[in-house]
Amino acid sequence: MARSLRIAYLMDPLGGIDIDKDTTFAFLLESESRGHRNFVMGPADLAIRRGIPEARVQEVQVQRVAGDHYSLAAPTRETLESFDVVMLRKDPPFDMSFFFDTHVASLIDAKKTLVLNRPSGLRDANEKLYALRFPEITPESLVTGDADLLKEFLHELGGEMIIKPLDGCGGAGIFHLQEQDRNLNAILETATDEGRTRVMAQRYLPEVREGDKRIIVIDGEPLGAVLRVPNDGDHRSNFHVGGSAVRSDLTDRDREICARMADDLRRDGLIFVGLDVIGGYLTEVNVTSPTGIQEIDQLCGTNLAANMIDWIEEHTG
């Protein structure tokens, strides 16, 4: 049996999570079932005292009972290096607050404490732009704030494309553009803040109507997948905006995409990752707080949280 670990989670308040969908909750359940001690904290709890990162933390116990799913002990203040593991699981967006959270976490001595995902990797891996490191497995893309350049790219693509903000999450700010749309100029002006903000434009992939596949990757290895299927009145498939979860198996193409990325993910310390794949093309790399494991477990009878806690136990001495 693995030794009992002390695991601290930087996360959103437990009172607001969906216990049947939240990935961090699944981690808490699994680690507690193995005798590990779990602690939670939020961004406001972090501090640096004389160069040492610390936090106000609360030990937590969880159960899968709606409305009564957690209990917290009295808060204590501890150095982050006193924990065996620190899990950075704050939900997007990646804003300046989270940026500074990663800087606090970067001060943790990696020889004393395992930090997941690696703070420097979180800073470098913008969830939209990181995918562009692998152009052979991504759809044609353009990043710019220039409306004329975006319209030129739209024409090159045959008059149809997707645009999305570089710092967006949960489907927010994503537009399906068509060249003949009289609102095109207004949409581009709004999305780019009249040229002051860059967006990502990508070829529209009609396969999205069949589903946007979320692939869960641990240490470069794909472990499961779920299709997020948009409803009839929306082009977005995110669960947050009403997409439906449909069972999906990993394909040879999925494994090819993961194999192409594995070395880069490991090098950057991106251990727990959610890849978004549409029509066999990589569209996003989710690293801040990937979700989807509970939907996969419910559809496929797996326990992906166990795979993550297994990995942690194997890499904590």
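**Exercise 1. Which residues of helix H7 (residues 293-300) are buried?** State also what they pack against and what follows the helix.

Solution. The structure is a predicted model, and the buried label applies to residues under 20% relative accessible area.

Step 1. In H7, the buried residues are Ile-293, Gln-294, Glu-295, Ile-296 and Asp-297.

Step 2. These buried residues pack against two helices, H1 and H8 (304-314). They also pack against the strands S13 (212-218), S14 (221-229), S15 (244-248) and S16 (272-278).

Step 3. After H7 comes Gly-301, with a positive phi near 70 degrees.

**Exercise 2. Describe the overall fold in numbers, and decide how compact the protein is for its length.**

Solution.

Step 1. Count the elements: the protein has eight helices and 17 strands.

Step 2. Compare the radius of gyration with the globule rule. The protein has a radius of gyration of 20 Å, and the rule gives 20 Å for 317 residues, so the protein is as compact as a globular protein of that length.

Step 3. Add the dimensions. Along the principal axes, the C-alpha atoms fill a box of roughly 60 × 45 × 40 Å.

Step 4. Turn to burial and surface. Buried residues make up 51% of the 317. The accessible surface is about 14500 Å², and carbon and sulfur atoms contribute 48% of that area.

Step 5. Look at how the chain meets itself. Among contacts with a separation of 6 or more, 67% join residues 24 or more positions apart.

Step 6. Finish with charge. There are 35 positive and 53 negative side chains, and the centres of these two sets are 4 Å apart.

**Exercise 3. Classify the aromatic pair of Phe-39 and Phe-83, then do the same for Phe-94 and Phe-98.**

Solution.

Step 1. Five aromatic pairs are found in the whole structure. For Phe-39 and Phe-83, the ring centres are 5.2 Å apart and the planes stand at 65 degrees, so this pair is edge-to-face. The cut-off for that class is an angle over 60 degrees.

Step 2. Place both rings on the chain. Phe-39 belongs to strand S2 (residues 37-41), while Phe-83 sits in the loop between strand S6 (76-79) and strand S7 (85-88). The two are 44 residues apart, and their pair links distant parts of the chain.

Step 3. Check burial. Phe-39 has a relative accessible area of 3%, so Phe-39 is buried. Phe-83 is buried too, at 1%.

Step 4. Take the other pair. Phe-94 and Phe-98 are 5.0 Å apart, centre to centre, with 75 degrees between the planes, and this pair is edge-to-face. Phe-94 is partly exposed at 30% relative accessibility, whereas Phe-98 is buried at 3%.

**Exercise 4. What is the backbone feature of the peptide bond from Leu-116 to Asn-117?** Describe also the backbone at Arg-50 and Asp-193.

Solution.

Step 1. The bond from Leu-116 to Asn-117 is cis, with omega near -20 degrees. Asn-117 is in the loop between strand S8 (114-116) and helix H3 (119-124).

Step 2. Arg-50 is not a glycine, yet its phi is positive, about 55 degrees. Its loop runs between strand S3 (46-49) and strand S4 (52-62). The relative accessibility of Arg-50 is 82%, so Arg-50 counts as exposed.

Step 3. Asp-193, also not a glycine, has a positive phi of about 50 degrees. Asp-193 lies in the loop between helix H5 (184-191) and strand S12 (199-203). With 36% relative accessibility, Asp-193 is partly exposed.

**Exercise 5. Is Lys-128 buried or exposed, and is Glu-30 buried or exposed?** List the contacts of each, leaving aside neighbours within four places in sequence.

Solution.

Step 1. Lys-128 lies in the loop between H3 and strand S9 (141-144). Its relative accessibility is 4%, so Lys-128 counts as buried.

Step 2. Beyond the neighbours set aside, Lys-128 is in contact with Lys-164, Pro-165, Leu-166, Gly-168, Met-200 and Glu-284.

Step 3. Compare sequence with space. Thr-283 is 155 residues from Lys-128 in sequence, but their C-alpha atoms are 7.4 Å apart.

Step 4. Glu-30 belongs to helix H1 (residues 23-33). At 14% relative accessibility, Glu-30 is buried, because the cut-off is under 20%.

Step 5. With its sequence neighbours within four places left aside, Glu-30 is in contact with Asn-303, Ala-305, Ala-306 and Ile-309.

How values were computed: Residues are numbered from 1 along each chain as its sequence is written. This is a predicted model: local features need pLDDT of at least 70, side-chain atom pairs count only at pLDDT 80 or more; totals for chains, interfaces and linings use all residues. Side-chain values use heavy atoms; hydrogens and water are left out. Helices (H or I, at least four residues) and strands (E, at least two) are DSSP runs, numbered from the N terminus. The radius of gyration is taken over C-alpha atoms; the globule rule is 2.2 Å times the number of residues to the power 0.38. Buried means under 20% relative accessible area, exposed over 50%, partly exposed in between (1.4 Å probe, protein chains only). Contact means heavy atoms within 4.5 Å. Accessible areas come from the Shrake-Rupley method with a 1.4 Å probe; for residues, only the protein chains shown count as cover. Lys and Arg count as positive and Asp and Glu as negative; His and the chain ends are not counted. The place of a charge is taken as NZ of Lys, CZ of Arg, CG of Asp or CD of Glu. Rings of Phe, Tyr and Trp (its six-membered ring) pair if their centres lie within 6.5 Å; planes under 30 degrees apart count as stacked, over 60 as edge-to-face and the rest as tilted.
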